[in-house]
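Biologist: I am new to reading structures, and I would love a close look at one part of this one. Could you walk me through the helix packing and the places around it?

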Amino acid sequence: TAARRGVIARYREWLPIGPGDPVLTLGEGDTPLVHAPTLSRMLDAEVFLKVEGANPTGSFKDRGMAVAASVAKGQGATAVVCASTGNTSASAAAYAVRGRMRPIVLLPAGRIAAGKLAQAVMHSAHVVQVDGNFDDCLSLARQLADHYPVALVNSVNPARLEGQKTAAFEIVDELGDAPDIHALPVGNAGNISAYWRGYTQYAREGLATRTPQMWGFQAAGAAPLVHGAPVDRPETVATAIRIGRPASAELARAARTESGGRFGAVDDDQILQAQALLAGEEGVFVEPASAAGVAGLLAAHGRGELDPGLRIAVTVTGHGLKDIDTALAAKGTIEAEVVAPALSAVAEACEL
Ligand code: F0G
């Protein structure tokens with residue numbers, strides 16, 4: 001079916017891809033919308049997780065990259081560039097090589113999860129580690145694209161948000177209407193803007209009767225949208241959203257205001273606890289940044305700010321395997337004792 005052939009095959013009439021344009025796909029999108037019984041009980045709500053780690057390179061970026069890479073290819077690009085905290089670079093590299101374009105990625109030196117760096121390297125990216133943060137990298141990537149023959153595929157490229165809005169389409173297609181609240185992590189602020197575009201387009205065309213409140217959560221040490229001012233030295237364990245000057249801040253503010261939603265900040269402990277809860281009780285292993293939406297909902301519920309009985313969709317943005325160092329460090333040492341190869345010893349170790 002079209003669902004398994006990628007977001008362009010499935011939603012082409014909603015995307016800036018013309019009849020004769022090239023289509024690059026790795027089968028992105030059509031990700032699981034998983035009911036979360038434990039979270040539903042804890043939040044007194046009906047909670048669904050949109051599991052974007054199930055995309056080809058393990059994050060939601062693949063939706064937008066399929067479209068951005070296809071458009072770049074159609075325009076004759078031979079190289080693409082992006083700044084990234086890791087996931088965009090993994091996705092850009094994969095789709096670039098797929099389209100026989102050369103991937104160049106600018107990364108904040110030493111602040112990229114190992115799994116993501118491995119992806120960029122394996123997908124033949126030219127990796128430039130910049131002695132600066134993501135915001136510095138994005139500024140450089142923009143300048144590089146201005147002065148050299150390389151196509152910029154960060155979310156300031158409009159094709160990226162177009163592709164990413166398909167996640168909202170899928171949620172409405174599956175639930176039959178928009179949820180009451182859509183919660184998600186916010187870094188460079190592209191994804192929340194893309195979801196809002198998707199929800200509003202579907203409502204405008206009569207495919208949904210309403211739009212959800214958009215609830216965007218940032219890490220406390222990197223929360224410019226919550227504070228209303230840029231953060232010069234963003235800091236958080238959730239390296240994916242360690243961003244102080246979100247490129248799509250204006251679009252995200254509009255999404256928050258028009259939807260009647262909110263921004264909130266969650267600290268690193270809340271993020272890691274939400275990550276542990278998702279993995280340990282719902283069976284869904286996500287990277288730290290991806291747990292920020294769940295952490296924010298739990299905090300809001302704890303303050304009595306969540307009405308009971310709502311239907312809530314939460315995007316968990318990237319796969320847990322991308323950053324196992326942080327996951328294992330948060331768990332402490334792995335307590336797996338070594339036992340003799342005997343049934344009685346194994347049973348005893350299992351406390352059976
Ligand atoms: N979650 C994950 C796992 C991410 O990688 C990102 C962004 C976000 C959430 C936030 O999404 O930027 O659209 O608000 N990662 C970008 C990157 C910055 O370079 O991979 P956003």
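Modeller: Happy to help; here is a walk from the two domains to the ligand, and then to one helix and its partners. Please keep in mind that this is a predicted model.

Let's begin with the overall layout. The domain assignment splits the chain into domain 1, made of residues 2–59 and 162–331, and domain 2, made of residues 61–159. Their C-alpha centres are 21 Å apart. Where the two domains touch, domain 1 contributes 42 residues and domain 2 contributes 38. On the domain 1 side, the elements that give two or more residues are helices H1 (7–11), H7 (158–164), H8 (166–175) and H14 (324–331). Among these, H7 gives the most, with three residues. That side of domain 1 has 17 nonpolar, 16 polar and nine charged residues.

Next comes the ligand. It is surrounded by 22 residues, and the closest are Ser84, Gly187, Asn188, Thr317 and Gly318. Two helices, H4 (87–98) and H9 (190–204), each give two or more residues to this shell. Each of the two domains supplies at least three of the shell's residues. By class, the shell has 14 polar, six nonpolar and two charged residues.

Now for the close look. Helix H9, which we just met beside the ligand, also packs against H8, a helix from the domain contact. A general tip for reading such pairs: two packed helices are described by the angle between their axes and the distance between those axes. For H8 and H9, the axes come within 7 Å and cross at roughly 50°, which makes H8 oblique to H9. The crossing is right-handed. From H8, the residues that meet H9 are Thr166, Ala167, Ala168, Phe169 and Val172, and their partners in H9 are Tyr195, Gly198, Tyr199 and Tyr202. This contact has seven nonpolar residues, two polar ones and no charged ones.

H9 has another partner, helix H11 (residues 249–259), and here the axes come within 8 Å and cross at roughly 45°. H9 and H11 are therefore oblique to each other, but their crossing is left-handed. H9 uses Ile192, Ser193 and Trp196 for this contact, while H11 uses Leu251, Ala252, Ala255 and Ser259. Five of these residues are nonpolar, two are polar and none is charged.

So what should you look for on screen? Find H9, then trace its right-handed crossing with H8 and its left-handed crossing with H11.

How values were computed. Residues are numbered from 1 along each chain as its sequence is written. This is a predicted model: local features need pLDDT of at least 70, side-chain atom pairs count only at pLDDT 80 or more; totals for chains, interfaces and linings use all residues. Domain bounds come from an automatic or database domain assignment. Two residues are in contact if their C-beta atoms, placed from the backbone, lie within 7 Å. Helices (H or I, at least four residues) and strands (E, at least two) are DSSP runs, numbered from the N terminus. Ala, Val, Leu, Ile, Met, Phe, Trp, Tyr, Cys and Pro count as nonpolar, Asp, Glu, Lys and Arg as charged, and the others, Gly among them, as polar. A residue is near a molecule or strand if its C-beta atom, placed from the backbone, lies within 6 Å of it. Axes are lines fitted to C-alpha atoms, for helices over the stretch in contact, and angles run from 0 to 180 degrees between N-to-C directions. Angles under 35 degrees count as roughly parallel, over 145 as roughly antiparallel, 65 to 115 as roughly perpendicular and the rest as oblique. A crossing is left-handed if the near helix is turned anticlockwise from the far one by less than a right angle, and right-handed if clockwise.
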